[in-house]
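Me: Before we look closely, could we go through this model one question at a time? I am new to it, so please explain each term when it comes up.

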Amino acid sequence: MYYGAPVPPPPQPAYYPPPPPPAPRRGGPRSLLCFLFKIVAVIIIVLGAATLVLWLIFRPDAPRAYADSAALSRFDLGGNSGGGGNLLQYNLTVNIRLQNPNKFGISYDYAEAQAFYDGDRFGFDPLQPFYLGAKSDARFTATFAGSAVVEDGDARRTYGRENGEGFYYVRVRVYSDLSFKVKVFRLRDYRSKITCVLRLRAPPAGGNANATAAMTTLGTSVQTFGPDEGANIFRGHWCGIAWDWALGTTHGRGTLGSNFAKRHAQVKLGPLGKAGTQRPHAKTPILLGLTHFSTADATIHLRLRCPPAPHKIDHLDQPYYGPPIPPDTPPMAITAVPPPRRDAYALLCRAFRALTLVLIALGVVALVLWLVYQPSSLRARVDSARLTRFDLTDGDTRLAYNLTVGVSIRNPNRKQAVMYRRLEAVALYGGERFGYADLPRMRQPRKSTAEVTPGFHGEGAVVSGDAAALFRREKMEGFFGIGVRLHMRVRLKVIVVDSVEYRPDVDCYIRVPDPGNATAMAQGFTPTQCHVDDFS
């Protein structure tokens with residue numbers, strides 16, 4: 001039975017209130033937006049994965065091009081071999097072969113060939129659209145015949161040097177717009193450029209013989225303690241602490257009296273048989289008396305008592321009749337508020353709502369700006385046209401021409417300037433192209449008119465039988481119906497913002513008097529309005 005001081009109960013754990021239950025999900029517009037966001041996200045992921053797989057399977061390889069042969073029958077600059085003039089007369093034919101390595105066909109919807117000498121363009125030949133089958137070849141011929149003005153002094157010096165060497169380096173480029181169909185998908189608006197550098201032998205003097213040109217193809221430890229040697233070990237359990245006490249061997253066969261016991265009893269018992277040593281926090285036993293003494297084996301029996309150790313009771317096995325033990329007041333428990341649970345769907349819904357608001361705002365701003373700065377279409381008119389030569393030669397198969405056309409382009413917009421990134425003119429007769437002129441880039445301010453004067457001259461354009469018949473009929477009438485088309489790539493500039501690139505075409509149909517018909521020349525040329533595509 002225990003009559004000691006009251007034993008306090010063990011400390012109580014801190015109290016934490018249970019977390020509040022999660023808020024129920026609400027329906028309504030928010031749930032609808034979340035549902036729409038998930039649907040849109042799934043559709044985008046599926047379409048993106050399908051597009052990636054199809055592209056990896058059917059991604060196209062670039063076609064290969066080869067210049068198989070080339071014939072240069074005339075290439076005179078200024079009518080002499082020294083290159084002192086500025087008029088280049090040429091006649092060049094190049095046979096080009098295309099090879100399609102893909103498993104699908106390619107449609108060349110538009111193609112044109114251009115010839116360059118020393119960086120200056122001198123020849124143009126429109127090509128007929130064609131189809132290049134899967135794993136197949138296609139051949140076409142580019143013919144350049146006529147004359148061109150060479151104003152670059154470097155080009156004239158290059159001509160003189162290469163004429164002395166006996167070879168000319170001519171660059172031929174083929175620009176094309178193509179499309180291809182893969183299964184049920186048809187892809188358009190692809191552009192291709194083929195560049196061939198040819199090393200052509202100089203033609204003989206006179207320039208009428210055909211020659212096949214040489215071609216350059218371009219491609220954790222536990223430590224255990226043992227007893228001391230030569231010592232008798234006494235082991236006991238003292239106050240829950242293991243003690244080892246050893247006395248050395250006898251000092252002799254003499255009598256050991258009380259002085260020996262008293263003297264040796266004052267020695268503090270230590271662990272592991274080490275006198276004078278003690279484990280940390282261990283209590284020293286108290287000597288009560290000597291109970292046994294033997295001189296035979298120097299054995300001493302001592303009565304020892306361990307001092308009390310309060311609050312070191314492991315358990316109570318007796319009933320308690322003391323006063324009631326008041327419970328200890330637990331320390332003030334800090335109720336930790338758990339962080340709010342973040343729902344991934346809620347975050348996605350918020351992001352979707354924010355993105356929707358941003359898109360709506362951008363759409364409203366774009367609509368307002370478009371209504372305020374909506375551009376008007378350009379206006380074009382042919383003010384003048386002068387035809388000094390327009391005859392059929394070489395058995396009515398080639399056309400010799402010299403035509404100059406003055407076209408005025410009007411920008412009616414009050415807030416947009418027009419930046420002409422590319423401007424080129426093409427002349428057509430009987431639906432067939434026979435002339436080409438490249439015009440410089442320019443900037444047209446607001447509410448202004450720009451004048452462009454493309455010139456077409458040459459003598460080697462090939463015409464078909466229908467075009468020859470049309471020529472003979474209009475020759476008798478005294479007026480030739482010629483089509484002039486301007487291809488443009490423009491951007492609109494509003495304050496400091498540039499628009500996307502537009503490609504409006506200008507189509508003009510003019511009737512030019514025959515220079516050999518006096519009656520038609522007396523009537524003169526009538527200015528003609530042109531059709532211009534909208535900005536779209």
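Me: Which residue in β8 stands opposite V170?
Reply: This is a predicted model, in which local features need pLDDT of at least 70, side-chain atom pairs count only at pLDDT 80 or more, and totals for chains, interfaces and linings use all residues. Residues are numbered from 1 along each chain as its sequence is written, and side-chain values use heavy atoms, with hydrogens and water left out. Helices (H or I, at least four residues) and strands (E, at least two) are DSSP runs numbered from the N terminus, and two strands pair if DSSP finds at least two bridges between them. Strand β7 and strand β8 (residues 185-201) pair in the antiparallel sense over 15 bridges, and the residue of β8 opposite V170 is L198.

Me: What is the bridge partner of S107 in β7?
Reply: Strand β3 (residues 106-117) pairs with strand β7 (residues 167-182) in the antiparallel sense, through 11 bridges. Within β7, the bridge partner of S107 is S179.

Me: By how many degrees, on average, are neighbouring strands turned in the open sheet of β1, β2 and β6?
Reply: The three strands of this open sheet come in the order β1-β2-β6 with antiparallel pairing, and its edge strands, each pairing on one side only, are β1 (64-77) and β6 (137-149). Strand β2 (residues 87-99) is joined to β1 by 12 bridges, and L77 has L88 of β2 as its bridge partner. Strand axes are lines fitted to C-alpha atoms, with angles running from 0 to 180 degrees between N-to-C directions. With direction ignored, the average turn between neighbouring strands of this sheet is 10 degrees.

Me: How far apart are the end C-alpha atoms of residues 351-373?
Reply: An unreviewed UniProt entry places the feature "transmembrane region" at residues 35-58 and 351-373, and such annotations may be inferred rather than shown by experiment. Over residues 35-58 the chain is 100% helix and 0% strand, with its end C-alpha atoms 34 Å apart. Residues 351-373 are 96% helix and 0% strand, and their end C-alpha atoms lie at a distance of 32 Å.

Me: Which element gives the most residues to the largest nonpolar core?
Reply: A nonpolar core is a set of buried Ala, Val, Leu, Ile, Met, Phe, Trp, Tyr and Cys residues joined through side-chain atoms within 4.5 Å, and in the largest one, with 46 residues, F390, F434, I482 and I510 touch the most other members. Among the elements that give two or more residues to this core are β13 (379-393), α5 (465-477) and β20 (479-494). The element that gives the most, with seven residues, is β20.

Me: Is S448 buried or exposed?
Reply: S448 is found in strand β18 (residues 448-452), and its side chain reaches the backbone oxygen of P445 at 2.7 Å. Residues count as buried under 20% relative accessible area, as exposed over 50%, and as partly exposed in between (1.4 Å probe, protein chains only). Because its relative accessible area is 15%, S448 is buried.

Me: At what distance are the side chains of R381 and D383 joined by a polar contact?
Reply: R381, in strand β13, counts as partly exposed at 38% relative accessibility. A polar contact is a pair of N or O atoms within 3.5 Å; within protein, one must be able to donate a hydrogen and the other to accept it, and residues adjacent in sequence count only if both atoms are side-chain atoms. For the side chains of R381 and D383, the polar contact has a distance of 2.8 Å.
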